[in-house]
Amino acid sequence: MLTSEEKHGNDCERAGSVFSVSCMKSDDIPEAAALEREIFSDPWSEDMFRSGFAASSQLYFSVREQGGALAGYGAVMTVLDEGELLRIGVAPAFRRQGAAAMLMEQIFRTAAERKLAFMTLEVRKGNAPAVGLYEKYGFAAESIRKHYYRNPTEDALIMRKIFESV
């Protein structure tokens, strides 16, 4: 299994006034999986986190409050010049405070480092706060995947952001 530094390079830590973002470490997985169960109706298991974390194509980030509490996490998959935002999760107590913004900015730095042409994502069509966040960061709706989500059943909105060529 690659270390976080081997997968991400050396540019993986950023600190703000309230939060800091870094590459997720394997020791963070149980805490991220617990947060996942709290915020998603169809959560990833700890084994799913570990499997993705071990994959060289997947990158995981964590954002923590300055006091050390896990505020959120993000996961991205990159293949050649394509990226897919797999997950962003932010604890309810830390929403609308900049945690998701720090994750998005780290994900975009990684996209630039890897010279990605575009990034896609899937989001519940009715999740207005998430859709709004993604639109704020330049993602645009492209299509709908019918009945994609469970618990409850809902359509997925497929969104894409095209990066300017380097």
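The exercises below work through confidence, three buried residues and the largest pocket of a predicted model.

**Exercise 1. Establish how confident the prediction is along the chain, and where the pLDDT falls below 50.**

Begin with the overall figures: the protein chain averages a pLDDT of 90, and 89% of the residues score at least 70. Then turn to residues 1-5, over which the pLDDT is below 50, although this stretch has ten contacts in the model beyond near neighbours in sequence.

**Exercise 2. Determine whether glutamate 36 counts as buried or exposed, and which side chain it joins in a polar contact.**

First place the residue: glutamate 36 belongs to helix 2, which covers residues 29-39. Next apply the cut-off, under which a residue is buried when its relative accessible area is under 20%; glutamate 36 has 0% relative accessibility and therefore counts as buried. Then examine its partners, which, once neighbours within four places in sequence are set aside, are Pro43, Trp44, Phe49, Tyr73 and Arg87. Finally, consider arginine 87, whose side chain is joined to that of glutamate 36 by a polar contact of 2.2 Å.

**Exercise 3. Compare the surroundings of leucine 157 and threonine 120, beginning with the strand in which each residue lies.**

Leucine 157 is part of strand 8 (residues 154-162), while threonine 120 is found in strand 6. With a relative accessibility of 13%, leucine 157 counts as buried, and threonine 120, at 17%, is buried as well. Leaving aside neighbours within four places in sequence, the contacts of leucine 157 include Leu121, Val123, Val131 and Ile144. The last of these can be followed further, since isoleucine 144 lies 13 residues from leucine 157 along the chain, with their C-alpha atoms separated by 4.7 Å. For threonine 120, under the exclusion of neighbours within four places, the contacts are Gly83, Glu84, Leu85, Met159 and Arg160.

**Exercise 4. Describe the largest pocket by its volume, its lining residues and the elements that supply them.**

Start with the volume, which is about 1200 Å³. The lining consists of 37 residues, and those nearest the centre of the pocket are Phe40, Ile88, Asn127, Ala130 and Tyr134. Sorted by class, this lining has 22 nonpolar, five polar and ten charged residues. Then assign the lining to elements: strand 5 (82-90), helix 4 (99-113), strand 6 (118-124), helix 5 (128-136) and strand 7 (140-149) each supply at least two residues. Of the contributions, that of strand 5 is the most, with seven residues.

Note on methods: Residues are numbered from 1 along each chain as its sequence is written. This is a predicted model: local features need pLDDT of at least 70, side-chain atom pairs count only at pLDDT 80 or more; totals for chains, interfaces and linings use all residues. Side-chain values use heavy atoms; hydrogens and water are left out. pLDDT is the predictor's confidence in each residue, from 0 to 100. Contact means heavy atoms within 4.5 Å. Helices (H or I, at least four residues) and strands (E, at least two) are DSSP runs, numbered from the N terminus. Buried means under 20% relative accessible area, exposed over 50%, partly exposed in between (1.4 Å probe, protein chains only). A polar contact is a pair of N or O atoms within 3.5 Å; within protein, one must be able to donate a hydrogen and the other to accept it, and residues adjacent in sequence count only if both atoms are side-chain atoms. On a 1 Å grid over the protein atoms alone, a cavity is a set of points where a 1.4 Å probe fits but cannot get out, and a pocket is an open set with protein on both sides within 12 Å along at least five of seven lines; lining residues have an atom within 4 Å of a point. Grid points are joined across faces, edges and corners, and a volume is the space filled by probe spheres set on the points. Ala, Val, Leu, Ile, Met, Phe, Trp, Tyr, Cys and Pro count as nonpolar, Asp, Glu, Lys and Arg as charged, and the others, Gly among them, as polar.
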